[in-house]
Amino acid sequence: TTIWKCRHLPQNRDVWLTCLGNGSVDLYKYVYPNERCITDDQGRKKGVIGTVKLLSTNNNSLSTQPIVSWNWHKHKLGLACMTSLDQSIKVVAVTKLNKI
């Protein structure tokens, strides 16, 4: 499905949410590598990329249409509001973000 929006969590830049065209959302986390750089055969340093971990996928859609807007609350962890093309505005609470 198409990704319509991507929003990083204000309290943790390594966690983000994607809003999908089928009305659902996915939550991801960037996982840092064990070593940030390695030395190649010629003695040059090279950066090492991390991995992306899918934390949660919402199989039950939040909407029947694509989610086109998602805004995290700056101070309340997990609180957000969203809008979709089915002309609805919803307040959403994402739980257990403090345990990531």
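Which side chains meet in a salt bridge at 4.0 Å, N to O? They are those of Asp14 and Arg13. A salt bridge here is a side-chain nitrogen of Lys or Arg within 4 Å of a carboxyl oxygen of Asp or Glu.

This is a predicted model, in which local features need pLDDT of at least 70 and side-chain atom pairs count only at pLDDT 80 or more, while totals for chains, interfaces and linings use all residues. Residues are numbered from 1 along each chain as its sequence is written, and side-chain values use heavy atoms, with hydrogens and water left out.

By the salt-bridge rule the count is three.

| Acid | Base | N to O distance |
|---|---|---|
| Asp14 | Arg13 | 4.0 Å |
| Asp40 | Arg44 | 3.4 Å |
| Asp40 | Lys46 | 3.9 Å |

Burial is defined by relative accessible area (buried under 20%, exposed over 50%, partly exposed in between; 1.4 Å probe, protein chains only). Asp14 is buried at 15%, whereas Arg13 is exposed at 64%. Asp40 is buried at 18%; Arg44 is partly exposed at 47%, and Lys46 is partly exposed at 44%. Shared partners join Asp40, Arg44 and Lys46 into one network of salt bridges.

The protein chain has zero helices and nine strands (DSSP runs: helices H or I, at least four residues; strands E, at least two). Its radius of gyration is 17 Å, well over the 13 Å that the globule rule gives for 100 residues, so the chain is more spread out than a compact globule. That radius is taken over C-alpha atoms, and the rule is 2.2 Å times the number of residues to the power 0.38. Of the 100 residues, 30% count as buried.
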